[in-house]
Amino acid sequence: MSATTLINPADESVIRQVEQTTVEETDVAIARAVAAQVGWARRSPADRAAALRRFAATIDMHIEQLAALEVLNSGHPIGQARWEAGHVRDVLTYYSAAPERLIGQQIPVAGGLDVTFLEPLGVVGVIVPWNFPMTIASWGFAPALAAGNAVLLKPAEWTPLTAMRIGELAVEAGLPDGLFQVLPGKGSVVGNRFVTHPAVRKVVFTGSTAVGKQVMAGCAQQVKRVTLELGGKSANIVFADADLEKAAATAPSAVFENAGQDCCARSRILVERSAVDRFMELLETAVKGVKVGTPGDEATEMGPLISREHWQKVASYVPDDAAVAFRGSAPDGPGFWFPPTVLLPTSRSDRTLREEIFGPVVSVVPFEDEADAIGLANATDFGLSGSIFTRDVGRAIRVSRAVDSGNLSVNSHSSVRYSTPFGGFKQSGLGRELGPDAASAFTETKNVFISTD
Ligand code: NAD
């Protein structure tokens, strides 16, 4: 058995070692989950709903503890980490209503009664990345449990602590033994076993597009259900008629939140040419005002990057001769600090406009008119998120319909809401999470005809 050494990204101190789950242990966990799921699915819907509400209440009692763990393990600012823990509670509360609302259909046919049932799949494997360890996990496990499934959760190697604590809290809240298990370990070992083990009936994968393609190909071998939430290169489109003050004041948080390690980061700002000079002036003030610092400080808005390895990847996009327009500040000394950085690339084919940087680096590109803005926004293999700033309602609607993206926001940068569907077009993903329909994505539709003759 081997262990991962966790490093605090804000000061590079060693936090602790975490044992990695082996393939054999994963198989044992899957067998326990199979057994637990049978009993869980047999319980009455009201009973399952009550159990999920107790789980939510137990999370609520541990918001501060979970937030402190995320500050330590991931370097998230404390205010953001508290929001994340509260979001897990809210996602559980929202889907605690699902067991009693997973209603099928009665369909008119001749000679009898025809009904559909939404049957649980069985065991669901949830694989999550390191950027939002708690929230993304809950988007998978809460609706899956609500639909009558057992769940195995594999956190990312660098950030397992909050997931492990949530696994303990599930047991403290009284969820049946084996129903929800957290298995820290390697993607190539634990995650891959979810893909290859026939008793795991669905894989929910959030992470890079490259690994997502491998997971999808692996799942195809067993025609296994799969949801993919992958990368992004989202556009923030600012028209000259927009409230430029608001657009510039909000643009930094839309890309630098979580130090840019956000699949929805609006990492391309497209600005109508006639407004570029004024927008850049306003943006510079906003970027220089971003409070980058110690994650535990209440005033901090942006913390460090997750690891040295990731820091090196992000830094490769800002070489010495990069077209830097201006930068914000970042602390000196230990920690994986990277200042908010605004680039003005000279070419529309620049790699900073095509590749997901996953750090606090944004590129600004001027555009000529509405058609040019739409063309630029869609000139990417991704299609996850985006924003449109304009005072023209017709244009807001036209551009929203024309941009190939799963989640758009007009005159705002709405973050993820648990009550609305979330997911990507093109290579940003497959399927949707959250919203009113998510629990049914963890079911199979069964049709039964009952003859009246
Ligand atoms: P990653 O693909 O390297 O890893 C994601 C998870 O997959 C980890 O738990 C990892 O251990 C596991 N994994 C790795 N190899 C595997 C394999 N062969 N089989 C099964 N599992 C495997 O991604 P990352 O670097 O942790 O996360 C960053 C990426 O996640 C970015 O591209 C980001 O855009 C994306 N992301 C997407 C969303 C979304 O909702 N669309 C949300 C957050 C992050």
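Contact here means that heavy atoms lie within 4.5 Å of each other. With that in hand, let us walk through this predicted model, starting with a histidine.

**H62 and its surroundings**

Once neighbours within four places in sequence are set aside, H62 is in contact with R165, L169 and E172. The residue sits in the loop that joins α2 (45–60) to α3 (63–74). Is H62 buried or exposed? Its relative accessible area is 17%, and the limit for buried is under 20%, so H62 counts as buried. Its side chain also has a polar partner close by in sequence: a polar atom of that side chain lies 2.7 Å from the backbone oxygen of T58.

**The ligand and its pocket**

Now to the part you may want to open in your viewer. The ligand takes up the space of the largest pocket. How many residues surround the ligand? There are 28, and the closest are V128, E157, S208, L230 and E356. Seen by secondary structure, α7 (187–196), β8 (200–206) and α8 (209–220) each supply at least two residues of the shell around the ligand.

Three polar side-chain atoms that face ligand oxygen atoms are listed here.

| Residue | Distance from a polar side-chain atom to an oxygen atom of the ligand |
|---|---|
| W130 | 3.0 Å |
| K154 | 2.9 Å |
| S208 | 2.6 Å |

On its own, the ligand has 850 Å² of accessible area, and the protein covers 88% of that. S208 thus turns up twice in this section: it is one of the closest residues to the ligand, and its side chain has a polar atom 2.6 Å from a ligand oxygen.

**Helix α13**

What about the cover over α13? This helix spans residues 370–377 and is mostly covered, with 6 of its 8 residues buried. The buried ones are E370, D372, A373, I374, L376 and A377. Their packing partners are three strands and a helix: β10 (235–238), β11 (268–272), β14 (361–367) and α14 (393–402).

**Two residues with positive phi**

Backbone angles give us another pair of places to visit. N258 is a residue other than glycine, yet its phi is positive, near 55°. You will find N258 in the loop between α9 (244–256) and β11. Its relative accessibility is 4%, so N258 counts as buried.

L434 is also a residue other than glycine with a positive phi, in this case near 60°. Where does L434 lie? Its place is in the loop between β17 (429–430) and β18 (443–451). At 2% relative accessibility, L434 counts as buried.

**F449 on strand β18**

Strand β18, which ends the loop of L434, also holds F449. With a relative accessibility of 43%, F449 counts as partly exposed, because that class lies between the 20% limit for buried and the 50% limit for exposed. Which residues does F449 touch, leaving aside its neighbours within four places in sequence? The contacts are V109, A110, G111, G112, L113 and D114.

For a sense of scale, take F449 together with Q17: the two are 432 residues apart in sequence, and their C-alpha atoms are 55 Å apart in space.

Technical notes
Residues numbered from 1 in each chain as written. Predicted model: local features only at pLDDT ≥ 70, side-chain atom pairs only at ≥ 80, totals over all residues. Heavy atoms only, no water. Buried < 20%, exposed > 50% of the residue type's maximum accessible area, 1.4 Å probe, protein only. Helix = DSSP H or I, 4+ residues; strand = E, 2+ residues; numbered from the N terminus. Near = heavy atom within 4 Å. Polar contact = N/O pair within 3.5 Å; in protein donor to acceptor, adjacent residues only side chain to side chain. Areas by Shrake-Rupley, 256 points an atom, 1.4 Å probe, with all protein chains shown as cover. 1 Å grid on protein atoms, 1.4 Å probe; cavity = no way out; pocket = protein on both sides within 12 Å on 5 of 7 lines; lining within 4 Å. Sits in = over half its atoms within 2 Å of the grid points.
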